[in-house]
Each structure stands twice: as structure tokens, then as C-alpha cells.
Amino acid sequence: MQDWERLTRQANRAYSNHAFTDAVDLNRQALMEAERSFDEDFYRDAESAVAAAAVSFLNIAESYTALGDFISANTQFECAVNFLQTIIARPDMDTEQRDLIMRTATHIRFEWELFTQSYSKEVSAQSRALISSLSNAVSMPATMARH
């Protein structure tokens with residue numbers, strides 16, 4: 001947990017200094033640290049382990065939002081929910097741990113809804129641009145082959 005805390009502090013400083021790309025990178029490192037030690041940390045202190053992972057996902061989403069990369073931000077919310085679904089599916093969960101995960105999932109869904117309400121037009125525009133770019137890339141070799 002110490003490495004996660006150190007990386008998260010560094011990421012927060014980077015974000016405060018508007019170094020959003022650095023914030024994404026540092027938060028990704030923090031998330032990898034939280035995931036690496038998750039099993040051990042979860043059985044020692046479930047609340048801290050779940051909070052560390054959730055905070056990392058949300059921080060990455062926030063940093064991507066600051067960069068204007070709304071698709072990547074949206075993906076982080078999806079990844080957070082998927083992460084929690086994987087945990088809650090474990091057969092050795094007790095009721096208190098399940099409740100903790102459900103509360104965390106509810107919080108993430110709330111944050112995701114706020115994000116969606118605020119940036120749905122941007123996500124749609126970026127999605128359309130991405131699909132258009134992909135379509136052009138796919139059709140280009142066929143066009144080039146005809147010449």
C-alpha cells in the first residue's frame with residue numbers, strides 16, 4: 001500500500017500542475033500496484049484495498065477527462081465496474097465484503113452517470129471520429145490496391 005500511496009500522491013501533484021499525461025501514467029502505476037497486491041491487501045483490510053483500486057480508476061478517468069480524451073475516461077469507468085464484478089464473483093466473499101463492493105460499485109456508477117451527463121456529446125463526437133478514422137483506414141488499402 002505504501003507504493004500505491006506514494007504513486008497516488010505523485011499523480012495528484014502532477015494533476016495539480018496540469019501535467020495530465022504524467023497524472024495518467026502515475027495513476028496507472030498506482031493501479032497496477034493496487035492490483036498486484038490486491039489479494040493480500042483485501043484479506044488484511046478489504047476497505048483499503050477496494051478504495052485504492054477504485055480511487056486509481058477514478059483518478060485515471062479524471063486525468064483523461066482533463067486531457068479531453070473522453071473515450072479513454074469512459075473506458076476507465078467500465079474497467080472499474082468490471083474489476084468490482086470480478087471481485088464480487090469470488091466464492092469466499094463474506095457479507096461485509098460484498099456490501100463494501102456493492103457500495104463502491106454504486107459510488108462508481110454515480111460518478112459514471114455524472115461523467116456521462118457532463119460529457120455525452122464529447123464521447124459521441126470522439127466515437128464518431130474514431131469510427132470514421134477506422135473506416136477510412138480499412139477502406140484505404142482496398143482503394144490503393146485498385147490503383
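Okay, let's start with Asp 39, which is partly exposed, at 43% relative accessible area. Before I go on, a reminder that this is a predicted model.

So who does Asp 39 pair with? Its salt-bridge partner is Arg 90, and the closest N and O atoms sit 2.4 Å apart. I like this one as an opener, since the two ends come from distant parts of the chain, 51 residues apart: Asp 39 is in helix α3, residues 38-44, and Arg 90 is in the loop between α5 and α6.

Searching the whole structure turns up five salt bridges. Let me show you a couple of others, again in α3.

Arg 44 bridges to Glu 40, with 2.7 Å between the closest N and O atoms. These two are four residues apart in helix α3, so about one helical turn separates them. Arg 44 and Glu 40 are both exposed.

Then there's Asp 41, which also forms a salt bridge with Arg 44, the closest N and O atoms being 3.3 Å apart. Here the spacing is three residues within α3, so once more we're looking at about one helical turn. Now, is Asp 41 buried or exposed? Asp 41 is buried, because its relative accessible area is 6%, under the 20% cut-off. Arg 44, on the other hand, comes out at 57%, so it counts as exposed. Since the bridges share partners, Glu 40, Asp 41 and Arg 44 join into one network.

Right, on to the nonpolar side. The largest nonpolar core has 30 residues, and the members touching the most others are Phe 42, Leu 84, Ile 87 and Ile 108. Which elements give two or more residues to this core? They are α2, α3, α4, α5 and α6. The largest share is from α4, with ten residues.

Let me zoom in on Leu 84. Setting aside residues up to four places away in sequence, Leu 84 touches Val 50, Ile 101, Thr 104, Ala 105 and Ile 108. There's also a second core, separate from that one, with nine residues, including Trp 4, Leu 7, Ala 14 and Ala 52.

Last stop, Asn 74, over in helix α5, which runs through residues 70-88. Asn 74 is buried, because its relative accessible area of 16% falls under the 20% cut-off. What is Asn 74 in contact with, leaving aside neighbours within four places in sequence? Two aromatics to look for on the screen: Trp 112 and Phe 115.

That's my tour, thanks, and I'm happy to rotate the view if anyone wants another look.

Methods: Residues numbered from 1 in each chain as written. Predicted model: local features only at pLDDT ≥ 70, side-chain atom pairs only at ≥ 80, totals over all residues. Heavy atoms only, no water. Buried < 20%, exposed > 50% of the residue type's maximum accessible area, 1.4 Å probe, protein only. Contact = heavy atoms within 4.5 Å. Salt bridge = Lys/Arg side-chain N within 4 Å of Asp/Glu carboxyl O. Core = buried A, V, L, I, M, F, W, Y, C linked by side-chain atoms within 4.5 Å.
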